[in-house]
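User: Please take a close look at one helix in this structure and the elements that pack against it. I would like to know how they are oriented, which residues meet, and how far the model can be trusted.

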Amino acid sequence: AVDLYTQAIAMTPKNAELFADRAQANIKLNYFTEAVVDANKAIELDPSMSKAYLRKGLACIKLEEYQTAKAALETGASLAPAESRFTKLIKECDERIAEEAGELPNQSVDKTSGNVVAPPASESLNNVAVDTKDAQPTVNLSYQGSAARPKYRHEFYQKPEEVVVTIFAKGIPAKNVVVDFGEQILSVSIDVPGDETYSFQPRLFGKITPA
């Protein structure tokens with residue numbers, strides 16, 4: 001089905017329905033990153049298409065990107081208030097977000113931010129090209145004593161032209177943190193001696209194409 005939709009899109013590249021339908025086909029094949037890319041394209045072509053937001057939300061949930069999923073689902077729900085699946089999935093996102101928040105200790109924490117920010121991107125049929133010539137990952141850390149167990153809550157948001165990661169950590173020196181990115185993945189690692197290495201490696205919706 002994906003191949004058939006791809007052929008149809010090649011003939012009518014401005015057809016939002018085809019991108020939304022290919023997103024659904026990708027979801028069925030467990031190609032969740034590709035599904036998000038297609039859903040984003042459908043939304044770009046037709047911002048009023050509720051099913052595109054639904055499919056983006058479904059794919060983002062599978063990718064464990066609950067904040068992004070919730071935002072898409074809430075927009076879709078405003079367009080199709082009678083669709084009960086939006087309410088159910090938004091509730092699931094809230095539960096997952098609450099679970100992640102529950103991992104935080106009661107005391108205040110510092111933010112460890114790894115940001116990869118690029119100028120507005122150009123899009124091709126199946127991926128997003130991002131100019132990263134001037135984009136460098138940055139890490140801001142403050143050291144406040146011995147490190148706690150390296151298990152931290154994170155917030156992650158991405159759109160075609162920008163990726164923002166915030167990891168909530170406490171007492172981690174900058175030398176123990178590595179931020180890197182490849183063709184279609186961002187990697188943040190926190191390595192504390194004596195503890196298991198913490199690693200966060202979200203898969204990006206589109207490929208990073210250096211200028």
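Analyst: In this predicted model, helices α4 and α5 lie roughly antiparallel to each other, because the angle between them is about 160 degrees and angles over 145 count as roughly antiparallel. Helix α4 covers residues 50–62 and α5 covers residues 66–79, with the two axes 8 Å apart. The crossing of α4 past α5 is left-handed. On the α4 side, the contact is formed by Ser50, Tyr53, Leu54, Lys56, Gly57, Cys60 and Ile61. On the α5 side, the residues are Tyr66, Thr68, Ala69, Ala72, Leu73, Thr75, Gly76 and Leu79. Sorted by class, this contact holds 9 nonpolar, 5 polar and 1 charged residues.

The next partner of α4 is helix α6, which spans residues 84–101. Here the axes come within 11 Å and cross at roughly 30 degrees. The angle is under the 35 degrees cut-off, so α4 counts as roughly parallel to α6. This crossing is also left-handed. From α4, Ser50, Tyr53, Leu54, Leu58 and Ile61 take part, and from α6 they meet Arg85, Phe86, Leu89, Glu92 and Cys93. By class, the residues divide into 7 nonpolar, 1 polar and 2 charged. Ser50, Tyr53, Leu54 and Ile61 of α4 appear in the contact with α5 as well as in the contact with α6.

The third partner is helix α2, made of residues 16–28. It packs against α4 at about 25 degrees, with the axes 10 Å apart, and α2 is therefore roughly parallel to α4. As α2 passes α4, the crossing is again left-handed. In α2 the residues involved are Glu17, Ala20, Asp21, Ala23, Gln24 and Ile27, and they meet Lys51, Arg55, Leu58 and Ala59 in α4. This contact has 5 nonpolar, 1 polar and 4 charged residues. Leu58 of α4 takes part in the contact with α2 and in the contact with α6.

As for records, an unreviewed UniProt entry annotates residues 16–49 as "repeat: TPR". In the model, that stretch is 79% helix and 0% strand, and its end C-alpha atoms lie 8 Å apart. The residues of α2, 16–28, fall inside the annotated range of 16–49.

On confidence, the chain has an average pLDDT of 75, and 71% of the residues score at least 70. Over residues 104–150, however, the pLDDT is below 50, although this stretch has 120 contacts in the model beyond near neighbours in sequence. Where pLDDT is low, the predicted coordinates should not be read in detail.

Notes:
Residues are numbered from 1 along each chain as its sequence is written. This is a predicted model: local features need pLDDT of at least 70, side-chain atom pairs count only at pLDDT 80 or more; totals for chains, interfaces and linings use all residues. Side-chain values use heavy atoms; hydrogens and water are left out. pLDDT is the predictor's confidence in each residue, from 0 to 100. Contact means heavy atoms within 4.5 Å. Axes are lines fitted to C-alpha atoms, for helices over the stretch in contact, and angles run from 0 to 180 degrees between N-to-C directions. Helices (H or I, at least four residues) and strands (E, at least two) are DSSP runs, numbered from the N terminus. Angles under 35 degrees count as roughly parallel, over 145 as roughly antiparallel, 65 to 115 as roughly perpendicular and the rest as oblique. A crossing is left-handed if the near helix is turned anticlockwise from the far one by less than a right angle, and right-handed if clockwise. Ala, Val, Leu, Ile, Met, Phe, Trp, Tyr, Cys and Pro count as nonpolar, Asp, Glu, Lys and Arg as charged, and the others, Gly among them, as polar. UniProt positions are given in the numbering used here, feature names are shortened, and annotations may be inferred rather than shown by experiment.
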